[in-house]
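Reader: I have a chain open on my screen and would love a friendly walk through it. Could you take my questions one at a time?

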Amino acid sequence: FYYSQGKGNDSRTERTGALGCVGWTIVILSGMFVVLLFPLTIWFCFRIVQEYERAVIFRLGRITDRRPKGPGIFFILPCTDSFVKVDLRTVSFDIPPQEILTKDSVTISVDGVVYFRVSDPIASVANVSNADFSTRLLAQTTLRNVLGTKNLAEVLSDREGIAHSMQSNLDEATDHWGIKVERVEIKDVKLPHQLQRAMAAEAEAAREARAKVIAAEGEMNASRALKEASLVIAESPSALQLRYLQTLNTIAAEKNSTIIFPLPMDVLSHFMRK
């Protein structure tokens with residue numbers, strides 16, 4: 001059997017004359033057997049598949065039609081025909097945690113989940129022995145290959161891009177198997193405990209450095225404000241007296257048992273002249 005979407009006419013012609021004389025003889029005898037024992041053989045000739053299933057029929061070991069049968073009821077010949085049910089629903093599976101060495105030589109453990117479905121029942125039966133199991137194994141190796149080209153920072157920050165790259169690679173590899181990979185997600189990235197402590201110390205040091213820079217900028221802004229305030233006070237002597245009274249009011253509110261009264265300098269200068 002040769003299956004190819006681009007060569008549908010050739011494959012259809014090959015299947016039409018593939019049975020040969022012996023094959024057609026056996027098929028005719030099987031049909032006569034069905035007709036002679038019709039009340040009994042009806043239970044062996046009709047099969048039913050669900051709405052989400054398709055049946056790939058083999059006649060003497062060869063696929064009989066280019067399109068799968070179903071959903072609903074269909075007819076087969078006993079003794080010569082056999083069929084395989086294919087589920088078209090979306091299937092999800094977890095990728096087991098994989099120990100991966102990143103591009104910057106960091107060992108991490110990554111797991112994920114893959115969603116796929118059968119898009120071509122005939123190819124999923126004829127081109128691969130177990131499409132589900134093969135897709136699971138391919139997902140594990142693809143996860144290793146994709147993450148092996150990424151740095152640790154890229155793995156932690158660009159999960160969506162990694163998932164999209166894995167989906168493209170898986171979909172391209174499984175297209176010949178009749179599998180459509182719909183979605184890939186990275187579930188968890190586990191780091192060694194020593195690396196976690198080192199990253200936490202690095203983050204704490206970075207936060208402390210930013211805090212010191214912010215405090216220094218605040219001191220600089222405060223000194224500039226004090227300079228501008230001193231220039232304003234120097235232009236008006238009465239402003240300095242008002243500042244004294246404001247300071248006195250603040251001290252009296254907090255330490256009311258002790259009162260400090262600043263004596264204005266112009267009063268002292270008046271007594272000194274006398």
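Reader: Which residue in β3 is the bridge partner of R59?

Author: Happy to start there, with a reminder that this is a predicted model. Strands β2 and β3 run antiparallel and are joined by 2 bridges. Following R59 across to β3, its bridge partner is R62.

Reader: Which strands stand at the edges of that open sheet, and why is one side of each left without a neighbour?

Author: The sheet is open and has 3 strands, with antiparallel pairing in the order β3-β2-β5. Each edge strand has a single partner strand, so one of its sides has no neighbour in the sheet. The strands at the edges are β3 (62–63) and β5 (81–87).

Reader: Turning to the rings, why does the pair of F46 and F75 count as edge-to-face?

Author: This is one of 3 aromatic pairs in the structure. Planes over 60 degrees apart count as edge-to-face. The ring centres of F46 and F75 are 5.6 Å apart, and the pair is edge-to-face because the planes stand at 65 degrees.

Reader: How many residues apart in sequence are the parts that this pair, F46 and F75, ties together?

Author: F46 is partly exposed at 37% relative accessible area, and F75 is also partly exposed, at 41%. F46 belongs to strand β1 (residues 46–49) and F75 to strand β4 (residues 72–75), so the parts they tie together are separated in sequence by 29 residues.

Reader: And F74, is it buried or exposed?

Author: F74 forms an edge-to-face pair with F83, at 5.5 Å centre to centre and 85 degrees between the planes. F83 is partly exposed, at 26% relative accessibility. Buried means under 20% relative accessible area. With a value of 6%, F74 is buried.

Reader: Which ring does the charged end of R89 sit over?

Author: Here a charge meets a ring. The charged end of R89 is 3.8 Å from the ring centre, and the ring belongs to Y52.

Reader: Which residues touch the most other members of the largest nonpolar core?

Author: That core has 32 residues, and the elements giving two or more of them include β7 (107–118), α5 (131–147) and β8 (179–190). Another core, of 5 residues, lies apart from it, and F74 is among its members. Within the largest core, the residues touching the most other members are I108, V110, V114 and L143.

Reader: Leaving out residues up to four places away in sequence, what does V114 touch?

Author: V114 has contacts with V91, S92, F93 and I95, and also with A139 and L170. To complete the list, V114 touches V181, R183 and V184.

How values were computed. Residues numbered from 1 in each chain as written. Predicted model: local features only at pLDDT ≥ 70, side-chain atom pairs only at ≥ 80, totals over all residues. Heavy atoms only, no water. Core = buried A, V, L, I, M, F, W, Y, C linked by side-chain atoms within 4.5 Å. Buried < 20%, exposed > 50% of the residue type's maximum accessible area, 1.4 Å probe, protein only. Helix = DSSP H or I, 4+ residues; strand = E, 2+ residues; numbered from the N terminus. Contact = heavy atoms within 4.5 Å. Pairing = 2+ DSSP bridges. Phe/Tyr/Trp six-rings, centres within 6.5 Å; stacked < 30°, edge-to-face > 60°. Lys NZ or Arg CZ within 6 Å of the ring centre and 35° of its normal.
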